[in-house]
Amino acid sequence: MFILLFKCVYSHYVFKAYDTKKIDLNKGKITSMAISPDQGKLAVGFKSGKIILWSIQKSKIINEFTAHKKRVTALCFSTDNKYLVSGSWDKNIHLWELKSGKKAKTFKIFGHMRRIVASNDGKYLGFDFYEGVAVYDIQNKKVLKIEKGSNIEFSPNSKYFGLSY
């Protein structure tokens, strides 16, 4: 499988794509992707549980992460570009330090991961899994709140989070 990356410009209510880049990974079925906030890295998750970290500027693999036992269904970079967070159907979440390439934290969840979002202030992560949502404090490395519901989202000032029931 391959990925197409586009540079986009929004002008007069229309997105225009240019400078297309084709990334041919040949690593299996792609199940999730995320682009870093600094737009320098692309994380790609696979059905096998493997994660590839790709340098967009250098067009090469920077790192490979292999901790998940099932498909990687959610990827998210922290807003400060220090961490990559991965979620999987194996009911594990891994917090990866990008500088060292090592796992900073692993914890079990009680559901199948659907989506991960980062707060704008970089302090929290929101986990949306089929069985509920959770808020994670990055600095203290602990889960603060678990709720039933779905579609977690942080406010722009990171003081609130919302979810649907």
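These exercises, each with a worked solution, use a predicted model of a protein.

**Exercise 1. Describe the overall fold content and burial.**

Start with secondary structure. The protein has zero helices and 16 strands. Next, take burial. Of the 165 residues in the protein, 44% are buried. Then look at the surface. The protein exposes about 9,500 Å², and carbon and sulfur atoms supply 51% of that area. Finish with contact range. Among contacts with a separation of 6 or more, 31% join residues 24 or more positions apart.

**Exercise 2. Find which residues touch the most other members of the largest nonpolar core, and which strands supply it.**

Begin with the members. The largest nonpolar core has 16 residues. Val85, Ile93, Met113, Ile116, Leu125, Phe127 and Tyr136 touch the most other members. Now assign strands. At least two residues each come from β7 (72-77), β8 (83-88), β9 (92-97), β11, β12 (124-129) and β13 (132-137). Strand β12 gives the most, with three residues.

Then check one member in detail. Leaving aside neighbours within four places in sequence, valine 85 contacts Ala74, Leu75, Cys76, Ile93, His94, Leu95, Ile116, Leu125 and Phe127. Last, look for another core. A second, separate core holds 12 residues, including Ala43, Val72, Leu75 and Leu84.

**Exercise 3. Place threonine 73 and decide whether it is buried or exposed.**

Locate the residue. Threonine 73 lies in strand β7. Apply the cut-off. Buried means under 20% relative accessible area. Threonine 73 has 17% relative accessibility, so it counts as buried. Now list its partners. Not counting residues up to four places away in sequence, threonine 73 touches Thr31, Ser32, Gly87, Ser88, Trp89, Met113 and Arg114. One of these contacts can be specified further. The threonine 73 side chain reaches the backbone oxygen of methionine 113 at 2.6 Å.

**Exercise 4. Work out the setting of leucine 98, a loop residue.**

Leucine 98 sits between β9 and β10. Its relative accessibility is 14%, so leucine 98 counts as buried. Now compare sequence with space. Leucine 98 and lysine 82 are 16 residues apart in sequence, yet their C-alpha atoms are 5.6 Å apart. Beyond four places in sequence, leucine 98 is in contact with Lys41, Leu53, Phe77, Asn81, Lys82, Tyr83 and Leu84.

**Exercise 5. Analyse three salt bridges, with the burial of each partner.**

Side chains of opposite charge can pair when their charged atoms come close. The count comes to four salt bridges.

- Lysine 41 meets aspartate 38 at 3.5 Å, N to O. Lysine 41 is buried at 18%, whereas aspartate 38 is partly exposed at 42%.
- Arginine 114 meets aspartate 128 at 3.0 Å, N to O. This pair links strand β11 to strand β12, 14 residues apart. Arginine 114 is partly exposed at 32%, but aspartate 128 is buried at 2%.
- Arginine 115 pairs with glutamate 153, with the closest N and O atoms 2.7 Å apart. Here strand β11 is linked to strand β15 (residues 150-154), 38 residues apart. Arginine 115 is partly exposed at 30%, and glutamate 153 is partly exposed at 42%.

**Exercise 6. Identify a nonpolar patch on the surface and examine phenylalanine 110.**

Name the members. Phe110, Val143 and Ile146 form the patch. Together they have about 260 Å² of accessible area. Now place phenylalanine 110. This residue is in the loop between β10 (103-108) and β11 (113-118). Finally, classify phenylalanine 110: its relative accessibility is 44%, so it counts as partly exposed.

Conventions. Residues are numbered from 1 along each chain as its sequence is written. This is a predicted model: local features need pLDDT of at least 70, side-chain atom pairs count only at pLDDT 80 or more; totals for chains, interfaces and linings use all residues. Side-chain values use heavy atoms; hydrogens and water are left out. Patches are made of residues with over 30% relative accessible area and no salt bridge: like charges are joined within 9 Å, nonpolar side chains (Val, Leu, Ile, Met, Phe, Trp, Tyr) within 5 Å. Accessible areas come from the Shrake-Rupley method with a 1.4 Å probe; for residues, only the protein chains shown count as cover. A salt bridge is a side-chain nitrogen of Lys or Arg within 4 Å of a carboxyl oxygen of Asp or Glu. Helices (H or I, at least four residues) and strands (E, at least two) are DSSP runs, numbered from the N terminus. Buried means under 20% relative accessible area, exposed over 50%, partly exposed in between (1.4 Å probe, protein chains only). A nonpolar core is a set of buried Ala, Val, Leu, Ile, Met, Phe, Trp, Tyr and Cys residues joined through side-chain atoms within 4.5 Å. Contact means heavy atoms within 4.5 Å. A polar contact is a pair of N or O atoms within 3.5 Å; within protein, one must be able to donate a hydrogen and the other to accept it, and residues adjacent in sequence count only if both atoms are side-chain atoms.
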